[in-house]
Structures are given as structure tokens and as C-alpha cells.
Amino acid sequence: MFVFRLDTHSGVPPYLQLVQQVRQAVLLGFLHPGDRLPLIREVVEDLAINPNTVAKAYRQMEQEGLVAGRPGQGTFVTEQQSAAVPASTYTSLHRGLSTWLRRAYAAGLDEQAVNALFASVHQQTRNEGVA
């Protein structure tokens, strides 16, 4: 079963963290159409957060068409219409990025420097029209 995590130091509102985690899990193939998300009360118990926060996240995901609620059954991932990238592509990219991160940390960069460098290269690449 899918398990949510919260990062209290991220500055991102908890409900958005929940939404982002489901988006990423679907994108990376950890969640598939028909998979059930934890019940709101389960998330509340696991994370010790307000039920309204979880309900807000679930409502946003429903509005985006990412999930659909079924009364009395729970909330389920919907069929996604986007072009799926093969899992092997994500695996390969993950491996390469992990190697890059280890090299960056070994070179003495801290998390803030790594994030700044990544954002800079990402923006430059987008501006070049590659991404």
C-alpha cells in the first residue's frame, strides 16, 4: 500500500506534499490505475495531521483527474491519458542522477548548492529548447 511522508522543513504545505507524492508515484509507475490510496483516516493516523488537510489534497487530486473517489470503497488512481515513459527509462535516468548527486556531494556541494546547480542547468536546457 502507498504510504505518504511529510517534510516539515520543506516550506511546502502538507496538502500539496500529498498531491505531489501521488503525482510522482503515478509518473514513476509506483501507483497504477485502479490502485487505492490510503483512507483519509489512515493518513491522519499515520501522519498526525488534520483530516481537512488530507481531504483537501484528495479533492485537488480528484479535480485534476488523478484520482476518483468511490463512495464506501475509497479513492483510486484513474487511467492516465499522458504518454507513458517506459520504466527502464526512469531506471536509467535515476541511476545517472544518483551517480551525479554522489559526485556533487563528494566534491563538497551541500544540498542548497546542488539544488541551485540543478535549477540553473535545468533552466538553461529549457531555454535552449531541449527539454
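User: Hi! Let's start with a single residue. Where does Ala 48 sit?

Analyst: Hello! Ala 48 lies in the loop between helix 2 and helix 3. One thing to keep in mind from the start: this is a predicted model.

User: Good to know. Is Ala 48 buried or exposed?

Analyst: Ala 48 counts as exposed, because its relative accessibility is 70% and the cut-off for exposed is over 50%.

User: And what phi does Ala 48 take?

Analyst: A positive one, about 55°, just after helix 2 ends. That is worth a second look, since most residues other than glycine have a negative phi. Ala 48 has its positive phi although it is not a glycine.

User: Okay, let me zoom out. How many helices and strands are there in the chain?

Analyst: The protein chain has 5 helices and 2 strands. Reading from the N terminus, the order is α-α-α-β-β-α-α.

User: What does the C-alpha trace span along its principal axes?

Analyst: About 50 × 35 × 25 Å. The accessible surface of the chain is about 9,100 Å², and carbon and sulfur atoms account for 54% of that surface.

User: How much of the chain is buried?

Analyst: Buried residues are 25% of the 131 residues in the chain.

User: And what share of the contacts comes from residues far apart in sequence, say 24 or more positions?

Analyst: If you take the contacts with a separation of 6 or more, 50% of them join residues 24 or more positions apart.

User: Back to helix 2 for a second. Which of its residues are buried?

Analyst: Glu 42, Val 43, Val 44 and Leu 47 are the buried residues of helix 2. Helix 1 and helix 3 are among the parts that cover them.

User: Nice. Which residues touch the most other members in the largest nonpolar core?

Analyst: That core has 21 residues, and the ones touching the most other members are Phe 4, Leu 18, Val 22, Leu 31, Leu 37, Tyr 58 and Met 61. Helix 1, helix 2 and helix 3 each give at least two residues to this core. The largest share comes from helix 1, with 6 residues.

User: Pick one of those for me. What does Leu 37 touch?

Analyst: Leaving out residues up to four places away in sequence, Leu 37 touches Phe 2, Val 22, Leu 31, Tyr 58, Met 61, Val 67, Thr 75 and Val 77.

User: Let's do helix 3 now. What about Thr 53, what is it in contact with?

Analyst: Thr 53 is found in helix 3. Beyond its neighbours within four places in sequence, Thr 53 is in contact with Pro 14 and Tyr 15.

User: Why does Thr 53 count as partly exposed?

Analyst: Thr 53 has a relative accessibility of 22%, so it counts as partly exposed. Buried would need a value under 20%.

User: How far is Thr 53 from Arg 41?

Analyst: Their C-alpha atoms are separated by 11 Å, and the two residues are 12 apart along the chain.

User: New topic: pockets. How much space is in the largest one?

Analyst: About 670 Å³. There are 14 residues lining the largest pocket, and Leu 97, Leu 101, Val 114, Asn 115 and Phe 118 are the closest to its centre.

User: Which helices supply that lining?

Analyst: Helix 4, residues 87-106, and helix 5, residues 111-127, each supply at least two residues. Helix 5 gives the largest share of the lining, 8 residues. By type, the lining of the largest pocket has 10 nonpolar, 3 polar and 1 charged residue.

User: And what volume does the second largest pocket have?

Analyst: About 450 Å³. Again 14 residues line it, and the closest to the centre of this second largest pocket are Arg 5, Gln 17, Gln 20, Gln 21 and Gln 24. The lining here divides into 7 nonpolar, 5 polar and 2 charged residues.

User: Last one! What does Val 12 touch?

Analyst: Not counting residues up to four places away in sequence, Val 12 touches Gln 17 and Gln 20. Val 12 lies in the segment before helix 1. Its relative accessible area is 28%, so Val 12 is partly exposed.

Conventions:
Residues are numbered from 1 along each chain as its sequence is written. This is a predicted model: local features need pLDDT of at least 70, side-chain atom pairs count only at pLDDT 80 or more; totals for chains, interfaces and linings use all residues. Side-chain values use heavy atoms; hydrogens and water are left out. On a 1 Å grid over the protein atoms alone, a cavity is a set of points where a 1.4 Å probe fits but cannot get out, and a pocket is an open set with protein on both sides within 12 Å along at least five of seven lines; lining residues have an atom within 4 Å of a point. Grid points are joined across faces, edges and corners, and a volume is the space filled by probe spheres set on the points. Helices (H or I, at least four residues) and strands (E, at least two) are DSSP runs, numbered from the N terminus. Ala, Val, Leu, Ile, Met, Phe, Trp, Tyr, Cys and Pro count as nonpolar, Asp, Glu, Lys and Arg as charged, and the others, Gly among them, as polar. A nonpolar core is a set of buried Ala, Val, Leu, Ile, Met, Phe, Trp, Tyr and Cys residues joined through side-chain atoms within 4.5 Å. Buried means under 20% relative accessible area, exposed over 50%, partly exposed in between (1.4 Å probe, protein chains only). Contact means heavy atoms within 4.5 Å. Accessible areas come from the Shrake-Rupley method with a 1.4 Å probe; for residues, only the protein chains shown count as cover.
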